[in-house]
Amino acid sequence: MRGGSLWQLGQSITRRLAQADKKTIARRHFSADADLKKTVLYDFHVANGAKMVPFAGWSMPIQYKDSIMESTLNCRQNGSLFDVSHMCGLSLMGKDCITFLEKLVIADVAGLAPGTGTLTVFTNEQGGAIDDSVITKVKDDHIYLVVNAGCRDKDLAHIEEHMKSYTAKGGDVSWHIHDERSLLALQGPLAAQVLQHLTKDDLSKLYFGGFRILDINGASCFLTRTGYTGEDGFEISVPSEHAVDLAKAILEKSEGKVRLTGLGARDSLRLEAALCLYGNDMEQHVTPVEAGLTWAIGKRRRAEGGFLGAEKILKQLEEGPPIRRVGFFSSGPPARSHSKVYNEQGNPIGEITSGGFSPCLKRNIAMGYVKSGLHKAGTKVKIEVRGKAYDGNITKMPFVPSKYYKPS
Amino acid sequence: MASRLLWASRAASHLRISVFHRGFSSVIKDLKYADSHEWVKVDGNSATVGITDHAQDHLGDVVYVELPDVGTTVKQGASFGAVESVKATSDINAPVSGKVVEVNEELNSSPALVNSSPYTDGWIIKVEMDNTGEVKKLMDADQYTTFCEEEDSKH
């Protein structure tokens, strides 16, 4: 997935193409483009001026007519509508589905109230992250979760393998992959009032992490109050035949204030909110403790373990992790993933995993990993970009304050 | 350029069709162009270098321009700096070889000049050319326009 990071994607549509072996690249793009999957909103995107790029095997809008800067700002000021149908929605069903899922993730799934969810991590035997995912307990025998598009095959194979041995031992769990549905993310301060126009359910009682199955614009939807921008907002799983109508209705009800927004601004927004991009900020060898997701390990799970890699993760909780995810501000050009981080004496202490220019803060922000002990906010560092060292410092995250809708 | 865009989108909304603004990138007659999307304006053995409207449009909002030091030598086709946008990083290649005699310091405080005025205020470096014959290897405006159309149609 490293190759799939957004700014690198951006590069594929810029001039670097012209500098490389043109024939090879043209051929590769040709064959890749032909195989790309399209969401049901593809024509809608194109009609709205989207620039489509390959992303995790899908042809997705990286931006529309608004620049990434404008889109990012508008999301925080008004709202954004994203097509995230490339992500994989999945239901686990059966009376043992919770016990089953708890073997694979760090969350206290049993402890979730019905109709609520959380961000979690699928771990491997070594305690590293296979993927991050938002999981929801619909009810005791139904879990709904969404995994990353780029991890779909790997995640499904992983779940299936464990499900086979679990059911062979008599466990009651089965799955349904929601390929009949599309996923829209509506984010920003206007999200709730716009969506309220399209449903009779009272959204003011649905808080961050909450989930409902309800009628929106005449279609039965799965609604989760969550997102990937740091703003209040929703992810709406809608039957695919109703997806275009719903997208149009949302834009219309907002009177043009909620704008179609592509993956480019989505990356800026999630970076400002210090949310991890799997494949950049989180990988097979990085544990949830190192990634700063200790909060997502349920209390009961810390005491009991019982998930893959628990031994290593619980040990890290006790002794502290060797490296930690931190935020950076820096001068000079924006630091990008793989930029090396040094202390003031010039010794290597870590690496950047995501970085860019923050449209809201108008300065360079980045996330990365440094050795424990050197992770305190205010620590001065040097960040290497194209052979030159630039001044930076470690800072608290998120970079832009989150505005999740929580009970007051 | 701005007025052309406005015209294009008005006409398009009148005709109810969607417009890719990218298709309307401007190209200046008297400049020469490299296939890595830099332009050069030649005056005797002095050359002013920048990136094209097409390039800035693909990059999006430019947030940083990495400039070389005055006195550095640059080589035709080799990178001498970089442009950073919100979306991407892109090398800037020298369309001609020679010595850098001036850099556009304005870009340190206003990198977005590359977007708003790619052919004038957003110039990047001035070079004293080693060999003016190198210019012959570059494209003229018509060739470059065709080149961009072909490149865009691949995506």
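**Exercise 1. A glycine in a loop**

Find which residues Gly209(A) touches, not counting residues up to four places away in sequence.

*Solution.* Start with the partners: Gly209(A) touches Gly115(A), Thr116(A), Gly117(A) and Arg225(A), where contact means heavy atoms within 4.5 Å. A word on the setting before we go on: this is a predicted model, in which local features need pLDDT of at least 70 and side-chain atom pairs count only at pLDDT 80 or more, while totals for chains, interfaces and linings use all residues. Residues are numbered from 1 along each chain as its sequence is written, chains are lettered from A and ligands numbered from 1 in the order in which they are written, and side-chain values use heavy atoms, with hydrogens and water left out.

Next, place the glycine. Gly209(A) sits in the loop between H8 and E10 of chain A; helices (H or I, at least four residues) and strands (E, at least two) are DSSP runs, numbered from the N terminus. Its relative accessible area of 13% makes Gly209(A) buried. The cut-offs are under 20% for buried, over 50% for exposed and in between for partly exposed, with a 1.4 Å probe and protein chains only.

Finally, look along the chain: Thr118(A) is 91 residues away from Gly209(A) in sequence, yet their C-alpha atoms are separated by 6.0 Å.

**Exercise 2. Salt bridges, buried or exposed**

For three salt bridges of chain A, work out how accessible the partners are, starting with Arg225(A) and Asp232(A).

*Solution.* A salt bridge is a side-chain nitrogen of Lys or Arg within 4 Å of a carboxyl oxygen of Asp or Glu. By this rule there are 22 over all chains.

- Arg225(A), one of the residues touched by Gly209(A), pairs with Asp232(A), with 2.8 Å between the closest N and O atoms. Both residues are buried.
- Asp202(A) and Lys205(A) are bridged at 3.3 Å, N to O. Asp202(A) is partly exposed at 37%, and Lys205(A) is exposed at 54%.
- Arg270(A) and Asp267(A) are bridged at 3.0 Å, N to O. Arg270(A) is buried at 1% relative accessibility, and Asp267(A) is buried at 16%. The two lie in helix H10 (residues 263–272) of chain A, three residues apart, about one turn of the helix.

As a last step, look for shared partners: Glu102(A), Asp108(A), Arg300(A) and Glu304(A) are joined into one network.

**Exercise 3. The largest nonpolar core**

Identify which element supplies the largest share of the largest nonpolar core.

*Solution.* Begin with the rule: a nonpolar core is a set of buried Ala, Val, Leu, Ile, Met, Phe, Trp, Tyr and Cys residues joined through side-chain atoms within 4.5 Å. The largest one has 32 residues, and Leu81(A), Ile216(A), Leu223(A), Phe234(A), Ile236(A) and Ile250(A) have the most contacts inside it. Elements that each supply at least two residues include strand E9 (181–187), strand E12 (233–239) and helix H9 (243–253) of chain A. H9(A) gives the largest share, six residues.

Now zoom in on Ile236(A). Beyond its neighbours within four places in sequence, its contacts include Leu184(A), Leu195(A), Ile216(A), Leu223(A), Leu246(A) and Ile250(A). Another core, of 28 residues, lies apart from the largest one; among its members are Ile51(B), Leu67(B), Val127(B) and Leu138(B).

**Exercise 4. A two-faced helix in chain B**

Decide which residues of H5(B) are buried and which exposed residues its opposite face carries.

*Solution.* First, the frame: chain B has five helices and nine strands, and 53% of its 155 residues are buried. Helix H5 (residues 141–153) has 13 residues and reaches 18 Å from first to last C-alpha, close to the expected 18 Å, which is 1.5 Å times one less than the number of residues.

Second, the buried set: Ala141(B), Tyr144(B), Phe147(B), Cys148(B) and Glu151(B). They are on the same side of H5(B) because they cover an arc of only 120° around the axis, taken from the directions from the helix axis to the C-beta atoms.

Third, turn the helix over: the face away from the buried side carries the exposed Asp142(B), Glu149(B) and Ser153(B).

To finish, find a neighbour. His54(B), in helix H2 (residues 53–59) of chain B, is buried at 4%. Its contacts, leaving aside neighbours within four places in sequence, include Tyr144(B), Cys148(B) and Glu151(B).
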